[in-house]
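I opened this notebook to record, step by step, what I looked up in one structure. The entries are arranged by topic.

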Amino acid sequence: MKKKTTVNNQQHGSMNKDHEMSMKHGSMNNMDHEMPMEHGSMNMDHEMPMEHGSMNMDHEMPMEHGSMNMDHGMSMKHGSMNMDHDMMMHGGQMMHMGNLKQKFWISLILALPVLLLAPVMGLDRPLISWEGGASKGLVILLFDALLYFYGGAPFLKGSVAEVKDKKPAMMTLITLGISVSFFYSLYAILINNFGHPQTSVMDFSFELATLILIMLLGHWIEMNAVMGAGNALDKIAALLPSTAHLINKNGQTTDVKLAELQEGQRVQVRAGESLPTDGIVMAGSSTVNEALVTGEAAAVTKKVNDQVIGGSINENGTLTVKITKIGQNGYLSQVMEMVQQAQQAKSKAETRADTVAGYLFYAAVIVGLIAFFAWLPQGLATALSRMVTVLVIACPHALGVAIPLVVARSTSIGAKKGLLLRNRQALEATKSLSHIFFDKTGTLTAGKFKLNALVPANGYPKEQLLGNLAALEANSSHPLAQAILSAAKTQQLQLPTAQQVKTLPGIGLSGQINGKQYLIANLGYLTKKQLKFDQQQVETWSSRGNTISFLLDDQEQILGMMAAGDQLKTGARELVVKLKKQGITPVMLTGDNQAAAKYAADQLGITDYHAGLLPADKQQIIEKYQHDGKHVMMVGDGVNDAPSLAAADLGVAIGAGTDVAIDSADVILVKSDPHDILSFLTLAKLTNRKMIQNLWWGAGYNLAALPLAAGILAPIGIVLDPAVGAIIMALSTIIVALNAMTLTEKAI
């Protein structure tokens, strides 16, 4: 495939991009904002070309956002997307099923009198003989009604949604079966006990009870197997603090709730705090972590007139920010809107079971009507009985458990392999997969810096260079500092003690070692000061995706250079090779610069990559491929990946990633190993095969039984007896259950 590259040339320091983006979904890095950091040592000015990964900060803030009526000033409408454990997807509709476990057990208790007292379809005698006459019929009728309106409620509500959407599917087919069974049984019990008919009218109370119980059990199994959708929107909102320091006319600060803020007001943002809103810096300078926006962990220097984004973290200095956007106009609100819209769009996809159920619904109605008019010359009672028999036999007993049993088996096997399936549609989405999009940092790479080069200048001792660098960075949690300290520990260096260490926004940090002053500075500082350095070395290591820093003495003489960068995850290159062999094209998406992206892509063997991306850019690329007819998977781990995870046909989150990314995904790789994608694809392939087999077993019964029940062979004396239909129906259910169990862990 021809290489495609997209480079965002904007300077993140100024963030001139208007964040009222028409994004369809989103996800923000899980930044735990109770950071007991020593901000003096949090040097984030190394211009790191990385996305996120290691900057996984907790966000345990005392928020007051009850059911999303947040004091964050975000009046987002996403109540409908609060998909907890009692939501299920059917026929393109997200349906509230209620507490299925409770509903099943209560329905089972209500069904016992019916199962014991009502005759099985076509048989004269029930399991327990009770010559109660009308009283027996009324008891059965009472429990029929309780079952129908209580146990059948989820299906009745679901069918209304499907009919409104003009897409009859599983809910409508189930509703057809239980409604015909209930109302005809009501008619039969009343006629048999109070109407004195010439012959007894067969009722379907037994079938009503078994159908409701099997359908509830099937949906409970599926819901229990597949994790409910998470609270991605709540996690995004939690990136904002609960209060802000509002500056009044007298220059004093007052803590207020975010909902009370207005555009044009000024707020103070102290070191370590999250920015409460989007705005413009009016006073102060600092470094700000905008990983949620760019995907890079590199802190961005902010000074007067620079734009800042709500939810990003102020690292060291104190800023005075003029509010430019609040509520739904803010960046995080826009991302939340993206997540919501993408999840709603994806939820409209129909599953195979719903498609088959839709066809069976039309088939049952058409065959039932044909049977009614065909048998009408033999009397209304006979015609009505034959039509009802057709409609009841069409009830998807086997079809109702065919897919849930496979899903339950598949999710169990997946969990043992470190694959958590959150959405049944994820399994079916792999069937026509053509492209897999990968976030770079934390997904294909470790998201952890390693010291790749240490180049002394003018004969300065290499060990002393590393020792002084490590001494200055000793108390820093910055990824680059950790790379230096790790290298010093590996070499077992005895580090000197650094004193008076200060963070210098936009430069690096300084400190004294043994009475001498030293400075760790970035490339921008040397360029500004017009200091001479080894240009070739810098270009060589920068082109490989490394961050470059220098150690200077008090005379601003360069003592040496260091280069640190991210490393590929073990097996990442092998994964790319194997995906290509399966005919799947890997694509890399990153917020990194072009040089770093190209170097990583070349190492991985990926020819299609896009660099310098914001969350909206990633989402738009995903949509472009989908618009071109491609079926895509997105694999990511950070907040900035959530829009893409939600928009892709299939979203896969790295388990070590952020809560927001995980809540936006369909599948979670618990071991954070992208190589597990191959295991998931194999599992999905085998699961899809079992689904199709079970659909044939489940629907095959209906395809054969419907015309026989309608009397198509009546001219030669063959009419399907209801009792025989019941036996075949039971066998079909047993077969799909046994077939689901043949899906084994050994095959993965």
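The entries below concern a predicted model.

**Entry on the open sheet.** I began with the strand order in the seven-stranded sheet. I found an open sheet in the order 12-24-23-22-13-20-21, and I noted that its pairing is mixed. I then asked which strands stand at the edges. They are strand 12 (419–421) and strand 21 (608–610). Each has a single partner strand, so one side of each is left without a neighbour in the sheet. I also looked up the turn between neighbouring strands of this sheet: on average it is 20 degrees, direction ignored.

**Entry on strands 22 and 23.** Within the listed order, strand 22 follows strand 23, and I examined how the two are joined. Strand 22 covers residues 632–636 and strand 23 covers residues 650–654. They run parallel, with four bridges between them. As a point of reference I recorded V635, which stands opposite V652 in strand 23. I added a general reminder that side chains in a regular strand alternate between the two faces of the sheet.

**Entry on strand 6.** I next asked how many bridges join strand 6 to strand 11. There are five, and the two strands run antiparallel. Strand 6 spans residues 278–283, while strand 11 spans residues 319–325. I noted that D278 stands opposite K325 in strand 11. Strand 6 is also joined to strand 9 (residues 307–308), by two bridges and again in an antiparallel manner. Here I recorded I280, whose bridge partner in strand 9 is Q307.

**Entry on S159.** I located S159 in helix 3, which runs over residues 153–164. Is S159 buried or exposed? Its relative accessible area is 9%, so I entered S159 as buried, the limit for that term being under 20%. I then listed its contacts, leaving aside neighbours within four places in sequence. S159 is in contact with M171, T172 and T175.

**Entry on the nonpolar patch.** I turned last to the surface and asked which residues make the nonpolar patch. They are W697, L731, I734, I735 and L738, and the patch has an area of about 500 Å². Helix 24 (residues 722–741) provides the largest share, four residues. I selected I735, which is found in helix 24, for a closer look. I735 has a relative accessible area of 30%, and I therefore recorded this residue as partly exposed, the term used between 20% and 50%.

How values were computed:
Residues numbered from 1 in each chain as written. Predicted model: local features only at pLDDT ≥ 70, side-chain atom pairs only at ≥ 80, totals over all residues. Heavy atoms only, no water. Patch = residues over 30% accessible without salt bridge, like charges linked within 9 Å, V, L, I, M, F, W, Y side chains within 5 Å. Areas by Shrake-Rupley, 256 points an atom, 1.4 Å probe, with all protein chains shown as cover. Salt bridge = Lys/Arg side-chain N within 4 Å of Asp/Glu carboxyl O. Buried < 20%, exposed > 50% of the residue type's maximum accessible area, 1.4 Å probe, protein only. Pairing = 2+ DSSP bridges. Axes fitted to C-alpha atoms, helices over the stretch in contact; angles between N-to-C directions. Contact = heavy atoms within 4.5 Å.
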